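Student: Could you take me on a close look at one part of this structure, the sheet in chain A, and then show me how it sits in the rest?

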Amino acid sequence: MSQTNHDTPLVSVRDLKIGAVTDAKRKVEIIKGVDFDIAPGEILALIGESGSGKTTIALSLMGHTRPGCSINGGRIRVGNNNVTAMTTRQRAAMRGTEVSYVPQSAAAAFNPSQRIMDQVIEISTIHNLMPKAEARAKAVELFRALALPNPDTIGDRYPHQVSGGQLQRLSAAMALIGDPRLVIFDEPTTALDVTTQIEVLRAFKSAMAAGGCAGVYVSHDLAVVAQIADRIVVLRGGEVQEVGTSEQILNAPQNAYTKELLAAFEPAGRTPQPVQASDRKKPILEVTNLHAGYGPIRNGAPVAKILKDVNFQLEPGRNLGVIGESGSGKSTLARAIAGILPPYRGSVLVDGRELKPDLASRSKEDLRRTQIVFQLADTALNPGHSIANIIGRPLTFYKGLRGKARDARVIELLDMVHLPANMRHRLPSELSGGQKQRVNLARALAAEPELILCDEITSALDTVVAAAILELLKELQSELGLSYMFISHDLSTVEAICDDVLVMHKGVVVEALPASKMSECATHPYSRLLISSIPKLDTGWLASLEQDPDLIAQFSDR
Amino acid sequence: MTRSFLPYILVAQRLGIAFVTLIIVSFAVFFATAMLPGDVAEILLGQAATPEAVAGLREAMGLDEPALSRFVHWLLGLAQGDMGTSYVNNIEVAELIGGRLLNSLRLAAVVTLVSVPVALTLGICAAMWRGSIFDRLVSLLTIFVVSVPEFMVATLAVLVFAVWLGWLPALSYGVELDSWSAMLRAYAMPVISLSLVVSAQMIRMSRAAVIETINTPYVEMALLKGASLSRMVLRHALPNALGPIANAVALSLSYLVGGVIIVETIFNYPGVAKLMVDAVSTRDLPLIQSCAMIFCVSYLSLITLADLIAILSNPRLR
């Protein structure tokens, strides 16, 4: 679909400036003069990290700014609409019919108290496009085109009655019902599992091609963008870094930042640590026959059984990755080992010592040796405590350090995670996402553990920041002789840091693989499906990907 | 299949909880009143009574039975609609309360009809145009009304409208209610005073509830579909704010049955609240207990109703 259209572009954005007012009432410019065009039928990707302004720009094409933001300068034209000069009423008339929007989280963007059909055809109701019956028929047609199951009846359900992947496709139907000339996709697959993402991407691609409309695809994921976009705009800090065709951006990037993004996509692999036969000790972590679940206990087992018969060993100095999609039980495994969720059967041995199932009955020494780092530093760090206090508490608890000694150790720990000593006086809210995750890690290190359970610790971070955290983990490992159990849904991060990988599906470990040769060694159909679903930095990947539909049906919940 | 039964189960559960609460409350009411200082028999017979006469009266009134058995008798009587007989004037409590309750309910109904639509409209509009001058004005007024005690409002109203201007009668009862205008005039002041008191809280709560739903992604989605402000608020935000709003309304209205003593006293309005105050001063236990139970029942039924609305308005539970 390479476009060399010399007609008037459908969209033209010139010198766009958007300002925002911060909580402290300070005015900042978040979009600093952005220009781009979109030809009719072309799909343009806006790519960048959080804070790059990609969503702000996309929303401004509909004349919408989030509360606190305002368009301060420049011109946006979509078709014949001069968006920047329109009145509120004119903008409302344009939304849905000329430009429409596919949200990041369809689960949140559907009104929970209305039936799906009413929401899908709402654009037609608002703008009086067609009679209701006709709109319903058209919606069913779109459901069919988007490969949704039961297209005739799925609209009668409420949003909570369908899966996330289905909702995301339903939101595309909602965007396409008014035959818009431009569709804005705001990170529409970020919240989805990789195997689901493929189907959704395919559905989007074919629906867009059939409708002949242009698109703006907002994403932080270069590999996903490569599958769907004709051209890519790389953004950073509200400024355009580079514009080019997808092929050119991926294969011949000019800009230094683009190169950095591409490099962060595939972090350097890890040379597997050999199991040293000579001074081989007991495994640092040994899990046998582990079962855990939630809910009231009946007949010695909880009602909702999540983990079923998990067995593995982790040798000292080696790292174990746990991969799987949402609901596979990987976080539950970490919680069961840490004792937050006491397993109802099976045992956990750390360095040969069996741990009590629940946290409360474990000794202080047992607690110290295993630390957990959670995914969201925002919620794991007490917002009312200073960094010194957050890191200092485990120092007092485990080591009895107080006063000057404690302060000195806090500075040491901050230095270990490459943060300046004066940061200890700040509050978590004053730190960036990557800094917070470093503090989160320093808090775990304060206990001087031998094993750290990392639960999706890089998932909420931008790629470049995440790559830096991975580097830090490696460095800490070689300095302190730690072992990590690294839980993630992202195969490339696991590949970068782990020696062995467990593939989980519905609470069961389906396969154990060496991290460096995951795709070669995988034999279980689910591992193969999962590994083949990870998007590659290749514009032809999605088109050439062949997956067995029976397999997909067997292993996914859609 | 389980999904279709879920709401019935939840509703049944909620009603069951309400019933159990009622039993506990009746227990508390009975024994709290039993602990009131003073002995009814002694009060009734006056200071000159002989101990024999007091003992005889106690036996005749069944006061010498153990408390628990009196409680069971009382509760069984209540269940059959028998509220007992007033100690003071030997009239059936039901008869004493009947007319008063009707008065109270009439006042409550009029106040509800006036205040709920006005309060919800103001609250929702304030949320809709959040930050505007209208919103600030409404917020300012509600804070003002909340902070001024009701006896102040009522007394000022009497002073201005009845004494200075002479437009309205100062007392609501005893006035001839022969025409619509007379009735309007008689009710105007108590209704206005009470409406002010109960509206303020409803306005604040409904505004907060609607603002919370306006900030959700699905309302932003409606905006991006080209919906007008009123459609965003009325079709998308409001239905999802129904649960909290129903609760706020129920809490405010429950005040209208039991908590209106001051207003009833100032306007000399013969409602249940005033009856209970009188009953306390004469140690008329059956009357106090019945009044207390009426307040509890009305409070409980309003709160239960609000919870049922919250359950039934949530499609996840339907």
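Tutor: Here is a walk through that sheet, followed by a wider view.

Before we start: this is a predicted model, in which local features need pLDDT of at least 70 and side-chain atom pairs count only at pLDDT 80 or more, while totals for chains, interfaces and linings use all residues. Residues are numbered from 1 along each chain as its sequence is written, with chains lettered from A and ligands numbered from 1 in the order in which they are written.

Okay, the sheet. It is an open one with 4 strands of chain A in the order E2-E1-E4-E5, and the pairing is antiparallel. Strand E2 (27-38) and strand E5 (81-82) of chain A are the edge strands; each has a single partner, so one side of each has no neighbour in the sheet. Strands here (E, at least two residues) and helices (H or I, at least four) are DSSP runs numbered from the N terminus, and two strands pair if DSSP finds at least two bridges between them. As a general point, strands of a sheet pair through backbone hydrogen bonds, either parallel or antiparallel.

Now follow strand E1 (residues 11-21) of chain A. E1(A) pairs with E2(A) in the antiparallel sense over 9 bridges, and 8 bridges join E1(A) to E4(A), also antiparallel. A:Gly19 is a handy place to stop: A:Glu29 in E2(A) stands opposite A:Gly19, and so does A:Ser70 in E4(A). A:Ala20, for its part, faces A:Val28 in E2(A). The hairpin of E1(A) and E2(A) has 5 residues between the strands, and there A:Lys25 takes a positive phi near 65 degrees. That is worth a glance because most residues other than glycine have a negative phi.

Next, zoom in on A:Cys69, which belongs to strand E4 (residues 69-78) of chain A. Is A:Cys69 buried or exposed? Somewhere in between: A:Cys69 has 18 other C-beta atoms within 10 Å, so it counts as partly exposed. The cut-offs are 20 or more other C-beta atoms within 10 Å for buried, 12 or fewer for exposed, and partly exposed in between, with C-beta atoms placed from the backbone. Leaving out residues up to four places away in sequence, A:Cys69 touches A:Ile18, A:Gly19, A:Ala20, A:Ile30 and A:Thr56. A contact here means that the two C-beta atoms, placed from the backbone, lie within 7 Å. A:Thr56 is 13 residues from A:Cys69 in sequence, and their C-alpha atoms are 8.8 Å apart.

Two other spots in chain A also have a positive phi without being glycine. A:Asp179 has phi near 45 degrees and lies in the loop between helix H7 (164-176) and strand E7 (182-186) of chain A. A:Asp309 has phi of about 50 degrees and is found in strand E12 (residues 301-314) of chain A. A:Asp179 is partly exposed, with 16 C-beta neighbours inside 10 Å, and A:Asp309 is partly exposed with 13.

Finally, step back. Chain A comes to 23 helices and 20 strands, and its C-alpha trace spans about 75 × 55 × 45 Å along its principal axes. Of its 558 residues, 46% count as buried. Among contacts in chain A with a separation of 6 or more, 68% are between residues 24 or more positions apart.
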